[in-house]
Amino acid sequence: MAAAHAMSPSDGLGAIVEQVAQEKGIDKQVLIETMEAAILKAAQAAFGPNRELEARYNPDTGNIDLFQYMTVVEAVTLSEREIAVDMARKHGLEAEIGEELGFQVFWHPKDAERAKQQDKEFGSVLDMKQARSTFGRIAAQAAKQVLLQRVRDAERDIIYNEYKDRQGQLIRGIVRRFEKGHNLIVDLGKTEGVLPAREQTPRETFRPGDRIVAFVKNIDREARGPMIILSRQSPHLVEKLFEAEVPEIYESIVKIVGVAREPGSRSKIAVTSRDADVDPVGACVGIKGSRVQAVVQELRGEKIDIVPWDKDPARYIINAIQPAEVNKVIVDEADHRMELVVPDEKLSLAIGRKGQNVRLASQLTGWRLDIISESKFQQMEEEALVQLREIEGLGEDLAKSMYRLGFRALEEVAEAAVEELVTIPGIDAPERAEEIKRAADAAMERVRQDRIGRATSRVEPLAEDEKLHFLQGIGARTVHLLEDAGYRRVEDLAREDPDRLAIKTGLGIKKARQIHEAARHFLSDEWKEIQEARAKSAAETTESGPA
C-alpha cells in the first residue's frame, strides 16, 4: 500500500485533540479512541455493514485513516469482503489464497487525487466510489459531534468526581436565574446546581444575585441539566446548620438524635451529650441564644425547639411536647402509641396551631401521640370503668387495677391472653382469668343486644357505620380500626377475603376471620330480624299516632 499523503497536524484533528486534552483535562488517548469509533461507525453506515473496516489515528497527519480488508479466495462469494486471487494478481498484487489485503480508503478532501487514482486501479474491486463522495462530510460531522459529546461527558465526570463527596453536606452559592417550573439555578463556582420547586421552603423568596445556603440532597450523574440537586426543605439542612454553628456537634461531643421539621414554620431537634459536663441544649442555644439565632436567621425566621433526648420514651416525649406540661403518660407499646394527659388550660398549647406541636413531637420521637385534657381523661376513665364493671364478678378494686394496667374496654379483656391476666393482682390463677374472659364476652353480648334493641325501636334509618356495632364479638376499638382501613359497611366485610382484611387492618388473621364470619352471620340471620322488628315498631308508632 502506498504511503499516506503527508498532512500537517494543524490541518487535521490532531491539533484539536491536543487543545481539548489540555484545556479540559481529558486523556488524549480517550479522545482518539472515541473519534476512531465514530469514524468507523460512520463508514459502516456509508459503505455498508458487511465490509471489514478499521479506523486508525495517524499521528503524522493528525487525521483518522480508514482501511478496508479483503480476503484472497479462489472464488468470490462475499463481494464486499473477498477478492479473487486472479483479480488480485491482475491488479499487480502478489497474494496467495487465504491472505488478507488492506486498502486505505481515501476519504479526506485533500486526498481527492489519490482517491481518483485508487478508483481507477481498484474501483471494480472496492466498489465504493459513489458512497465515498459523501462520506468525507459525514465523517467530519461525526468526528466533531462525538468530540463535543465526549468533552461534555468528561466535564460532567470531572464535576461529579469533584462534588460527589459533598452529597449530604451544606453548599453555598449565588442565585442566577429561575427556570420553567420555578426551579432555581444556583451558581456553585465550577458548576451549577438546581433547587427544584418541591425542595424550596414555602414563603421563602430569592432574587438573582442573592447568596444561598442549601443541602446537597443528591448528585444525579444522568441528569440532563445540572446534576447537583439542592434542598432547602430537608430536615438535614437544620442538622447541618447546627453542625456548622456548634463546635461541640462537629467534634461529636453533642449529637443530634433526631430532627422533625415543617419547613418555613417550625422545627424540633433532639440532642444528647457524650460528656456529662456539657449541656447539649445549652451548647446548641449558645450565649444569649447566639448559635440558635444564627440558624433561625439562615432559615428566614423558622422557629426551632431544642429538646434533650432521653432513653426513656415517655420522658423523651414529655421533652418533645414542650412548651406544654404533661401530667400523665399512658403507654401502649403494642400500637406504639402514647396518650398524654395535660391540664385543661394547656391543651391548645400542647396541640399547637393546627396540630403542629403534637405532629412535630410525633415525627421526632416516632410514637403516635394523643393529647387529652385532664377533664376529658377523667371522663374517659369513668366510661372505661363503667364498661369494666359490666364484667360479672369483677370488683371495684380489680376493675381499677385493670384500668391502670391499660385495659379500657370489654373487648380488650375478652381478647387478652390468660398469661397476661394472671399477672394482675387479684387474678391469681388461670382458671380465674378464663372466668373473667368468659364474663367479658357475655358482657359484650349484653351490650350488643341492648344496642340492637334500641335500634329496633327507632323510626329513623340506621347509618351504615352504625351497623358495624351490631356484629358479634366486635367492640368500639375494632370498629375504629375497620373504619380507618376503609371498611364502613357490613357488606364490605362479608365480601372481603379474611387474609386481605387482616393485612389492611393489622388485626391478625384469627380476628379477621372472626369479623368475616360475624358479618356473614349478621347479614344472613340477624339483619332480617332487625328489619322486621323495626317495621313492626314503625307500624305500631303509626297506629298509636293521632287520627
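Five strands close into a barrel in this predicted model, and their order around it is β5-β6-β7-β9-β8, with mixed pairing. From one strand to the next, the twist averages 55°. As a general rule, the strands of a sheet pair through backbone hydrogen bonds, and they do so either parallel or antiparallel.

Let's walk along part of the barrel. Strand β5 meets β6 (residues 183-187) in the antiparallel sense, with five bridges between them. One place to see this pairing is Ile174, whose bridge partner in β6 is Asp187. The two strands form a hairpin with three residues between them, and there Gly181 takes a positive phi near 85°.

Asp187 also leads us onward, since its bridge partner in β7 is Glu192. Here β6 pairs with β7 (residues 192-195), again antiparallel, over four bridges. Another hairpin links this pair, with four residues between the strands, and Gly189 in its turn has a positive phi of about 115°.

Further along the chain, β8 (residues 211-219) and β9 (residues 228-231) run antiparallel and are joined by four bridges. Look for Val216, which stands opposite Leu230 in β9. Helix α6 (residues 235-245) lies across β5, β8 and β9, running at about 120° to β8.

Now let's turn to Ala416, in the loop between α15 (410-414) and α16 (418-421). Is Ala416 buried or exposed? Its relative accessibility is 6%, so Ala416 counts as buried, the cut-off being under 20%. Leaving aside residues up to four places away in sequence, Ala416 touches Phe407, Leu421 and Lys437. His108 is 308 residues from Ala416 along the chain, and their C-alpha atoms are separated by 90 Å.

How values were computed: Residues are numbered from 1 along each chain as its sequence is written. This is a predicted model: local features need pLDDT of at least 70, side-chain atom pairs count only at pLDDT 80 or more; totals for chains, interfaces and linings use all residues. Side-chain values use heavy atoms; hydrogens and water are left out. Buried means under 20% relative accessible area, exposed over 50%, partly exposed in between (1.4 Å probe, protein chains only). Contact means heavy atoms within 4.5 Å. Two strands pair if DSSP finds at least two bridges between them. Axes are lines fitted to C-alpha atoms, for helices over the stretch in contact, and angles run from 0 to 180 degrees between N-to-C directions.
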